[in-house]
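Trainee: I would like to learn how to read the strands and the core of a protein model. Please take me through one.

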Amino acid sequence: LMFRAIFKIFLVSLAILLVNNPVYAKAASIANIEVFNTGKRLVLDASLKDGFSEDVVEAIKSGVPVGITYAVVLKRKIPFFYDKKVATRTIKRYVKFDTLKEKYNIIDNNGNKITKRITEDFDEVVKKMAQLDSIHLISNKKLDKKEKYYVNVKAELNSKQTWFPFNYILLFMSYLNFDTSWKSSSPFTFK
């Protein structure tokens, strides 16, 4: 009986904490999807909006490793049927603050190559983590000029695994994890 009472108090406290948490005021979303033809390939620009709440910023600045994974899917429209996947890309970005050196380590894995960058500027961290610039989707040779295409983009933020006991503490910090809904570009034809 005592265990039930304690458990109910815990659940009510957790619910109050989650409802009153300002993180839920704005949901992260994908914005500004633009697709360009460079002459040889199709490339994508997009951005993550409202992905860095005060709690996420505070976690990053205290040294919690945080990653954002972007899923990008190029689809061909097929009338009256399921649209066909033409290409998929996964872009992973991680940031970890080195509290001793007071520098941010950013790792960008776009599937083709991994780049590392070190900076002291947090605004640069946010820009690098939240912007997709000139992401190669597919070669023009693989596209049909008569068909209509569109791109879907989704982002997922999560904290990386840490050591005991922080792995259990972070489990309850749900604001360090989110999934955006899929966002679609406007339909386009290849020219």
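Mentor: We will go through a sheet, a helix and a core in turn. This is a predicted model, where local features need pLDDT of at least 70, side-chain atom pairs count only at pLDDT 80 or more, and totals for chains, interfaces and linings use all residues. Residues are numbered from 1 along each chain as its sequence is written, and side-chain values use heavy atoms, with hydrogens and water left out.

Trainee: Which strands pair with β2 in the open sheet, and in what order do the strands stand?

Mentor: Strands are DSSP runs (E, at least two residues), numbered from the N terminus, and helices are runs of H or I with at least four residues. Two strands pair if DSSP finds at least two bridges between them. Here the three strands have the order β1-β2-β7, with antiparallel pairing. Because β1 and β7 (131-139) stand at the edges, each has a single partner strand, and one side of each is left without a neighbour in the sheet.

Trainee: What joins β1 to β2?

Mentor: A hairpin with three residues between the strands, where Gly39 in the turn has a positive phi of about 105 degrees. β1 (residues 29-37) and β2 (residues 41-49) share seven bridges, and Asn37 stands opposite Leu42. On the other side, β2 and β7 pair over six bridges, with Arg41 opposite Ser139.

Trainee: Which residues have the most contacts inside the largest nonpolar core?

Mentor: A nonpolar core is a set of buried Ala, Val, Leu, Ile, Met, Phe, Trp, Tyr and Cys residues joined through side-chain atoms within 4.5 Å; buried means under 20% relative accessible area, exposed over 50%, partly exposed in between (1.4 Å probe, protein chains only). Contact means heavy atoms within 4.5 Å. The largest such core has 41 residues, and Leu44, Leu48, Leu74 and Leu132 have the most contacts inside it. Leu132 touches residues including Leu44, Tyr70 and Val153, not counting those up to four places away in sequence.
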